[in-house]
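Please read the following report alongside the sequence and the coordinates. It begins with a single side chain and then widens to helices, loops, cysteines and the whole fold.

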Amino acid sequence: MPGISGPRVWWAEPSPAAGAAVMATGIVSVGLHMTGDETVSRVVLAMACVAWAALAAEFVLRLVGDRQRWVTEAESPGGLTSVAATTVLGTRISAVGAQTAAEALLALAALLWPVLLVLVVRRWRRRMPGAVFLCCVATEGLAVLAATLATAERAAWLAHTALVLFWLGLVLYVLALTHFDPRQVLEGAGDHWIAGGALAISALAGANLLIAGDAGMYLWNADDRGVLRNVTVTLLVLDLVCYVVLLAAEAARPRPGYHVLRWATVFPMGMTAVATLSVDTALGVPWLTLPGRVLLWAAVAVWLAVAAGALLAARTGEGGG
């Protein structure tokens, strides 16, 4: 890919990796917004918007002009990054008050989700890479955005829909786990981190549902809230344990150098930070604020490293894609 520059670096080849770049950039923007770093957050948001627009244009062009390639990419596990990226971007856009735009992104993601989910799941096999967990990530991404809009718009039906998607996402996680190759923890090129990222976005969905329930809409009773609270906390704990295991595996088996799948490492790291901060907000656990901030800046540092690697790879024509 010699000569590629600008946003094209993120979405040239292959398309699923471009979706992971949008997901990573979008969630970093969400985290920076949550910690009050609004100016930087909006700059990163602008980058995510440009990259998403380029990705969407390529998605349409391939669908119209290169149908076979579109089908091939859509059937790969990474095909669901388009749904996940759209929901992450919509969640951040909702935070700036652009609810109509966020609703449009939710509608678009909801239209793509069942089609791509069926295409991907029917191609599942044994011993798959970490991208297999994107079925959960995309589903929980819809739950996160729907719950966010339910709070902003005081729409109970969106909250109930988000709750259904939340539980469905957990079922899909278990199914994906049965197809995941554990050797990827030591051998994966970056997307093995999605195993933890799926837990993180599930915890975030649970936290957002709890926040929606506190918005005065009387969505569920105390028993249901108790179950949701316990599941959300459990998911966050599992995510943090997974994070530590994955870090230890990286230390035990270093994988230096840039690879496009490292965008799929940034996203889970950023999502873990956002989930930690959101559980703090939803359940009033202030001691989670410091760990959440530390995790966020770790994600920012890795985002910068991966972005630098992408630029260098674009100049040299290498990228591990």
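In this predicted model, Glu 75 is found in helix H4, which covers residues 67–75. Its relative accessible area is 13%, and Glu 75 therefore counts as buried, the limit for that class being under 20%. Leaving aside residues up to four places away in sequence, Glu 75 touches Leu 119, Val 120, Arg 122 and Arg 123. With one of these, Arg 122, the contact is polar, since the two side chains are joined at 3.1 Å.

**Two helices examined by span**

How far apart are the end C-alpha atoms of helix H11, and what should its 31 residues span? Helix H11 runs over residues 222–252, and at 1.5 Å a residue it should span 45 Å, which agrees with the 45 Å found between its end C-alpha atoms. Helix H3 passes the corresponding check, as the table shows.

| Helix | Residues | Number of residues | Expected span | End C-alpha distance |
|---|---|---|---|---|
| H11 | 222–252 | 31 residues | 45 Å | 45 Å |
| H3 | 38–65 | 28 residues | 40 Å | 40 Å |

The N-terminal end of H11 is capped by Asn 221, whose side chain places an oxygen 3.1 Å from the backbone nitrogen of Asp 223. An α-helix has 3.6 residues a turn, so residues three or four places apart point the same way. The buried residues of H11 include Leu 228, Thr 232, Leu 235, Leu 236 and Asp 239, and further along H11 Cys 242, Tyr 243, Leu 246, Ala 249 and Glu 250 are buried as well. Among the elements that cover them are helix H8 (156–179), helix H9 (184–187) and helix H10 (194–213), together with helix H12 (263–283) and helix H13 (289–316). In H3, the buried residues include Ser 41, Val 44, Leu 45, Ala 48 and Trp 52, and also the charged side chains' residues Glu 58 and Arg 62.

**Loop residues with positive phi**

Arg 127 has a positive phi of about 55° although it is not a glycine, and its place is in the loop between helix H6 (99–121) and helix H7 (134–153). With a relative accessible area of 51%, Arg 127 is exposed. Arg 154, which is likewise a residue other than glycine, has a positive phi near 50° and sits in the loop between H7 and H8.

**Cysteines**

How many disulfides does a search of the whole structure find? The search finds zero. For Cys 135 the closest cysteine sulfur is that of Cys 136, and because the sulfur atoms are 6.3 Å apart they are too far for a bond. The sulfur of Cys 242 also has its closest cysteine sulfur in Cys 136, at 12 Å, which is too far for a bond; the cut-off for a disulfide is 2.5 Å. Cys 135 is buried, with a relative accessible area of 1%, and Cys 242 is buried at 18%.

**The fold as a whole**

The protein has 13 helices and zero strands. Its radius of gyration is 18 Å, close to the 20 Å that the globule rule gives for 321 residues, so the protein is as compact as a globular protein of that length. Taken along the principal axes, the C-alpha atoms fill a box of roughly 55 × 45 × 45 Å. Buried residues make up 56% of the 321 residues. Of the contacts with a separation of 6 or more, 82% are between residues 24 or more positions apart. The protein exposes about 13200 Å², of which carbon and sulfur atoms supply 68%.

Terms used. Residues numbered from 1 in each chain as written. Predicted model: local features only at pLDDT ≥ 70, side-chain atom pairs only at ≥ 80, totals over all residues. Heavy atoms only, no water. Helix = DSSP H or I, 4+ residues; strand = E, 2+ residues; numbered from the N terminus. Expected span 1.5 Å × (residues − 1). Buried < 20%, exposed > 50% of the residue type's maximum accessible area, 1.4 Å probe, protein only. Contact = heavy atoms within 4.5 Å. Polar contact = N/O pair within 3.5 Å; in protein donor to acceptor, adjacent residues only side chain to side chain. Rg over C-alpha atoms; globule rule 2.2 N^0.38 Å. Areas by Shrake-Rupley, 256 points an atom, 1.4 Å probe, with all protein chains shown as cover.
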